[in-house]
Amino acid sequence: MAPNFSGKWKLDKSENFDPFLEDMNIGLLKRKAAKVVSSEHHITQDGDNMDVQVIATGEGTLLSQIPLGSKGKHQKYTVGGSFTESDFNGDEAEVSTSWDGECIMEVHKTKNLEYTLKRELQDDNTMVLHLQSPKGTQARRIYKKM
């Protein structure tokens with residue numbers, strides 16, 4: 001039985017995120033903003049059908065430096081299918097999804113690069129996003145249920 005990711009999740013901490021972003025050719029200003037900006041994932045799941053709202057939260061002037069489209073996004077997809085979105089570097093990405101055991105694997109492909117994101121439930125109150133850059137740099141974004 002597939003895990004249910006439904007709930008509201010708030011970023012608790014990031015591990016190795018700046019080197020990951022650097023590998024993704026994200027500029028210094030956006031990387032600094034990523035250190036002070038948090039995010040929430042509001043997820044509704046019905047079997048393989050996912051509805052994910054990602055909301056950037058935070059205070060201060062650095063949030064205003066993030067392009068408007070990067071302050072949040074809304075993804076609706078069926079695991080096993082694909083969808084298109086604007087990625088955090090501004091490029092259009094084709095995202096392929098699949099189940100990897102009890103995790104959701106996303107492969108993001110833009111015209112310039114490809115990276116992976118694996119969504120995992122560690123326990124009922126902890127969701128982890130495992131990221132891997134094209135150069136192999138790994139990062140983790142750890143979310144706690146709100």
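User: Welcome me in with one residue of this predicted model: is Thr 97 buried or exposed?
Analyst: In this predicted model, the relative accessible area of Thr 97 is 5%. Buried means under 20%, so Thr 97 counts as buried.

User: Which strand is Thr 97 found in, and which strand do five bridges join to that strand?
Analyst: Thr 97 is found in strand β6, which covers residues 92-100. The two joined strands run antiparallel, and Phe 83 has Val 95 of β6 as its bridge partner. The strand joined to β6 by five bridges is β5.

User: Which backbone oxygen does the side chain of Thr 97 reach at 2.9 Å?
Analyst: Happily, there are two oxygens to look at here. A polar atom of the Thr 97 side chain lies 3.3 Å from the backbone oxygen of Thr 78. Thr 97 also touches residues including Tyr 77, Val 79, Phe 83 and Met 105. At 2.9 Å, the side chain reaches the backbone oxygen of Gly 81.

User: Let's step back to the sheet. Which strands stand at its edges?
Analyst: Ten strands form an open sheet with antiparallel pairing, in the order β4-β3-β2-β1-β10-β9-β8-β7-β6-β5. Each edge strand has a single partner, so one side of each is left without a neighbour in the sheet. The edge strands are β4 (72-78) and β5 (82-86).

User: What does the twist average from one strand to the next?
Analyst: The order of the open sheet starts with β4 and finishes with β5. From one strand to the next, the twist averages 25°.

User: How many helices does the chain have besides its strands?
Analyst: From the N terminus on, the elements run β-α-α-β-β-β-β-β-β-β-β-β. Alongside ten strands, the number of helices is two.

User: Now for the rings: how far apart along the chain are Phe 20 and Tyr 115?
Analyst: A search of the whole structure finds three aromatic pairs. Phe 20 and Tyr 115 form an edge-to-face pair, 6.0 Å centre to centre with 75° between the planes. Phe 20 sits in helix α1 (residues 17-23) and Tyr 115 in strand β8 (residues 114-123), so to speak distant parts of the chain. Their separation is 95 residues.

User: Are the rings of Tyr 77 and Phe 83 stacked or edge-to-face?
Analyst: Tyr 77 is buried at 5% relative accessibility, and Phe 83 is buried at 11%. Their ring centres are 4.9 Å apart and their planes lie at 15°, so the pair is stacked.

Notes. Residues are numbered from 1 along each chain as its sequence is written. This is a predicted model: local features need pLDDT of at least 70, side-chain atom pairs count only at pLDDT 80 or more; totals for chains, interfaces and linings use all residues. Side-chain values use heavy atoms; hydrogens and water are left out. Two strands pair if DSSP finds at least two bridges between them. Helices (H or I, at least four residues) and strands (E, at least two) are DSSP runs, numbered from the N terminus. Axes are lines fitted to C-alpha atoms, for helices over the stretch in contact, and angles run from 0 to 180 degrees between N-to-C directions. Buried means under 20% relative accessible area, exposed over 50%, partly exposed in between (1.4 Å probe, protein chains only). A polar contact is a pair of N or O atoms within 3.5 Å; within protein, one must be able to donate a hydrogen and the other to accept it, and residues adjacent in sequence count only if both atoms are side-chain atoms. Contact means heavy atoms within 4.5 Å. Rings of Phe, Tyr and Trp (its six-membered ring) pair if their centres lie within 6.5 Å; planes under 30 degrees apart count as stacked, over 60 as edge-to-face and the rest as tilted. Lists of a residue's contacts leave out its neighbours within four places in sequence.
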